[in-house]
Amino acid sequence: MGTMPSPHESPDLSTVWLRAFLEVARQGSFTVAARTLGWTQSAVSRQISSLESALGGATLFDRLPRGVRLTEAGRVLVPHAEAVVEALHGAGRELAALREVAGGRLRFGAFATADAALVPRALGAFRDRHPRVRVTREEGFTPGLLDRLTAGHLDLAVVSTTGGTPLEPYVLHHLLDESLYVAVPAAHPLADGGPVRLGRLADADWISGSARPEGTLLDAALRQGFRPRVAHVVAEWTAKQGYVAAGLGVTLVPALAAESVRPDVALLPVLDEGAPARAVYAATVRGREPAPAVEAFVGALREAARRIPG
């Protein structure tokens with residue numbers, strides 16, 4: 001015989017017992033309940049007996065000449081059993097929705113220029129396909145986004161290789177290799193000259209997000225053998241364009257931001273025999289099961305990346 005639970009303990013109840021109990025309660029008959037469940041009558045009886053034992057020997061049904069009737073203990077149990085079974089059904093529905101990317105959440109972050117075209121296009125396509133997924137987005141620099149990813153605050157981060165941040169701890173989904181453009185005023189002598197080597201602008205004033213070129217897009221200038229003179233440190237991309245348009249210097253523009261350039265600024269493709277200026281990835285944490293929406297969003301990002309000029 002099993003040990004009766006103390007008044008302060010919750011009995012361990014099988015959901016199979018509760019399912020059998022609720023069906024007998026609905027049908028008023030062990031026989032009809034068994035037929036509905038696709039079980040034998042003896043199997044239903046065993047489940048009810050096991051449930052009664054787990055509840056300390058409480059009788060749940062009065063056996064009548066024809067069928068059964070809930071006892072007072074049975075009537076007390078009904079709403080609790082219904083709540084348990086419905087909660088499990090609800091969990092099953094939510095898990096199925098996750099598998100089908102029909103629900104759940106997606107938390108992602110991206111660096112600023114990825115938000116110019118890549119992320120909006122991907123997000124628009126993703127929302128059209130999976131409108132019930134709750135999406136939250138953050139913007140930041142690659143190192144900070146990776147810290148947020150590692151800490152579990154993000155499911156995915158759109159990051160770049162600019163700055164040399166170590167990416168080995170992450171699963172990297174390659175999106176694109178970005179080429180570079182140099183932005184010059186529309187009236188600049190080189191504005192109509194086509195692709196250019198950065199060395200031709202070695203004497204120019206440069207506008208950059210950092211006073212030092214190392215770890216920025218201006219690494220491309222270091223690769224071409226000169227150290228650019230940073231005349232103005234400007235972090236925000238639209239402000240950089242304003243400085244260029246005013247003739248205060250030139251700046252480098254990644255392909256992700258090229259479509260949003262203002263009309264009084266000209267973009268010249270940079271000739272660089274080295275590696276592409278930077279690679280862009282969707283990063284997830286190695287060894288951590290990604291949210292089901294992540295794979296679908298990576299697919300949308302890859303589709304959007306194919307539409308970005310190389």
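Select phenylalanine 61 to begin: at 2% relative accessibility, this residue counts as buried (under 20% relative accessible area, with over 50% being exposed and values in between partly exposed, for a 1.4 Å probe and protein chains only). The model is predicted, so local features need pLDDT of at least 70 and side-chain atom pairs count only at pLDDT 80 or more, whereas totals for chains, interfaces and linings use all residues. Residues are numbered from 1 along each chain as its sequence is written, and side-chain values use heavy atoms, with hydrogens and water left out.

Next, add phenylalanine 30, which counts as buried at 8% relative accessibility. Its ring centre lies 6.0 Å from that of phenylalanine 61 and the planes stand at 75 degrees, so the pair is edge-to-face (rings of Phe, Tyr and Trp, the last by its six-membered ring, pair if their centres lie within 6.5 Å; planes under 30 degrees apart are stacked, over 60 edge-to-face and the rest tilted). Phenylalanine 30 belongs to helix α2 (residues 30-37) and phenylalanine 61 to strand β1 (residues 61-63), 31 residues apart (helices, H or I of at least four residues, and strands, E of at least two, are DSSP runs numbered from the N terminus). Adding Phe21 completes one aromatic cluster with Phe30 and Phe61.

Move to phenylalanine 108 in strand β3 and phenylalanine 297 in helix α9, 189 residues apart. Both are buried. Their ring centres are 4.7 Å apart and their planes at 45 degrees, so this pair is tilted.

Now select the largest nonpolar core, which has 40 residues; Leu106, Leu118, Leu156, Val158, Leu175, Phe297 and Leu301 touch the most other members (a nonpolar core is a set of buried Ala, Val, Leu, Ile, Met, Phe, Trp, Tyr and Cys residues joined through side-chain atoms within 4.5 Å). Elements that each supply at least two residues include β5 (156-160), β6 (170-178) and α9 (292-305). Helix α9 gives the largest share, 8 residues. Centre the view on leucine 156: its contacts (heavy atoms within 4.5 Å), not counting residues up to four places away in sequence, include Phe108, Leu149, Ala282, Phe297 and Leu301. A second, separate core of 21 residues includes Trp17, Leu22, Ala33 and Leu37.

Finally, display the 31 residues lining the largest pocket, of which Thr113, Phe141, Ala235, Lys240 and Arg278 lie nearest its centre (on a 1 Å grid over the protein atoms alone, a pocket is an open set of points where a 1.4 Å probe fits, with protein on both sides within 12 Å along at least five of seven lines; lining residues have an atom within 4 Å of a point). Elements that each supply at least two lining residues include α6 (142-150) and β10 (251-254).
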